[in-house]
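Colleague: Thanks for making time for this. Could you walk me through the fold?

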Amino acid sequence: MLGIFREKLVNAPKELNSPASLNSCAKPKPSNEILKDFMSCNSSNAFSMCFGNDALLAYSPSNNPSTHHRLFSGLDDIYCVFLGGLDNLSKVNKQYGLSKGTNEAMFITEAYRTLRDRGPYPADQVLVELEGSFGFVIYDNKHGTVFVASGSNGQIGLYWGVAADGSVVISDNVDLIKTSCAKSFAPFPTGCMFHSEHGLMNFEHPRRKMKAMPRIDSEGVMCGANFNVDSQSKIQMMPRVGSEANWATWGI
């Protein structure tokens, strides 16, 4: 999967953008070239969706049964690419009043929409209750927001980086990220979620801040940053009131 979001839409952590990219032999690529590379290296049933000049999603179903599931869902101008599988899918479908045939991508889309519009629970509480291996990217075209999450067991690897035009690139293909973002990339931290308006947080430790740690590659060059929970920090929790406690407005 591939998601590319313009800088005006997603303000990624500044530590992700490595100054070493300017001096690297391999330079970051513009968004159109990254999409072209993705489409050329995937099967003929790959497709992409562009949302003006601000965002794009590209998706290719998995043809290898040994790899994790890849699912796509689009509903009410909310688009989701889901990787992996939820062991408690039947339970959460029942909790949200969804049919037994609802797959993981459809569930995440419905859960996001429910919390965006009605906000009964904070997003971190919903994610921490999911069992299994998962990673997903949501683009809410109506609100112009991006929501990304990666499960805590680390079985589904997501990566993010910065393209030549400053866009944020997200993919499960590390080779694509490396060639697209040069030295300005890193693994997306497990057990974490990122919202385009409110940044990165760990959904298992929502009251702790995230700390960027310089990431050095095999060439000894700084290559983006790893983000870990800062055990010494504490976020002041604000009371959640009605629809303010939802995924669209973050609500931490």
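What follows is a short conversation about the overall make-up, the sheet, one helix, a pair of hairpin strands and the cores.

Colleague: Let's start with the whole chain: how many helices and strands does the chain have?
Modeller: Keep in mind that this is a predicted model. Of the 252 residues in the chain, 50% are buried. As for secondary structure, the chain has 6 helices and 14 strands.

Colleague: Which share of the contacts with a separation of 6 or more comes from residues 24 or more positions apart?
Modeller: The accessible surface of the chain comes to about 11,900 Å², with 48% of that belonging to carbon and sulfur atoms. Turning to contacts with a separation of 6 or more, the part that comes from residues 24 or more positions apart is 62%.

Colleague: Nice. In the open sheet of 6 strands, which are the edge strands?
Modeller: The order of the open sheet is S2-S3-S1-S9-S8-S10, with antiparallel pairing. From one strand to the next, the twist averages 15°. The strands that pair on one side only are S2 (47-51) and S10 (185-187).

Colleague: Which residue in S9 stands opposite Phe-5?
Modeller: Strand S1, residues 2-5, runs antiparallel to S9, and 4 bridges join the two. Opposite Phe-5 in S9 stands Val-168.

Colleague: What angle does the direction of helix H2 make with that of S1?
Modeller: H2 spans residues 31-41 and packs on the sheet, where H2 touches S1, S2, S3 and S9. The buried residues of H2 pack against those strands and also against helix H6 (174-181). Relative to the direction of S1, the direction of H2 makes an angle of about 170°.

Colleague: And why do the buried residues of H2 line one face of the helix?
Modeller: Ser-31, Ile-34, Leu-35 and Phe-38 are buried in H2. The face turned away from that buried side carries the exposed residues Asn-32, Lys-36 and Ser-40. The buried residues line one face because, seen down the axis of H2, they fall within an arc of 95°.

Colleague: On to the hairpin of S4 and S5: which residue takes a positive phi there?
Modeller: S4 (residues 70-75) and S5 run antiparallel and are joined by 6 bridges. One bridge pairs Gly-74 with Tyr-79 in S5. The hairpin has 2 residues between the strands, and the residue with a positive phi, near 55°, is Asp-76.

Colleague: How many residues of S5 are buried?
Modeller: S5 also runs antiparallel to S6, with 9 bridges between them. There, Phe-82 has Phe-136 in S6 as its bridge partner. S5 is largely enclosed by the rest of the structure, because its buried residues number 9 of the 9.

Colleague: Now the cores: which residues touch the most other members of the largest nonpolar core?
Modeller: Nonpolar side chains in soluble globular proteins tend to be buried together. Here, the largest nonpolar core holds 31 residues. Among the elements giving two or more residues to this core are S5 (78-86), S6 (132-140) and S14 (222-229). The members touching the most others are Phe-5, Tyr-139, Val-148, Trp-160, Phe-188 and Leu-200.

Colleague: Last one: leaving aside neighbours within four places in sequence, which residues is Phe-188 in contact with?
Modeller: Phe-188 belongs to the largest nonpolar core. Contact here means heavy atoms within 4.5 Å. By that cut-off, and without neighbours within four places, the partners of Phe-188 are Val-148, Ala-149, Ser-150, Leu-158, Tyr-159, Trp-160, Met-193, Phe-194 and Leu-200.

Methods: Residues are numbered from 1 along each chain as its sequence is written. This is a predicted model: local features need pLDDT of at least 70, side-chain atom pairs count only at pLDDT 80 or more; totals for chains, interfaces and linings use all residues. Side-chain values use heavy atoms; hydrogens and water are left out. A nonpolar core is a set of buried Ala, Val, Leu, Ile, Met, Phe, Trp, Tyr and Cys residues joined through side-chain atoms within 4.5 Å. Buried means under 20% relative accessible area, exposed over 50%, partly exposed in between (1.4 Å probe, protein chains only). Two strands pair if DSSP finds at least two bridges between them. Axes are lines fitted to C-alpha atoms, for helices over the stretch in contact, and angles run from 0 to 180 degrees between N-to-C directions. Accessible areas come from the Shrake-Rupley method with a 1.4 Å probe; for residues, only the protein chains shown count as cover. The arc is that of the directions from the helix axis to the C-beta atoms.
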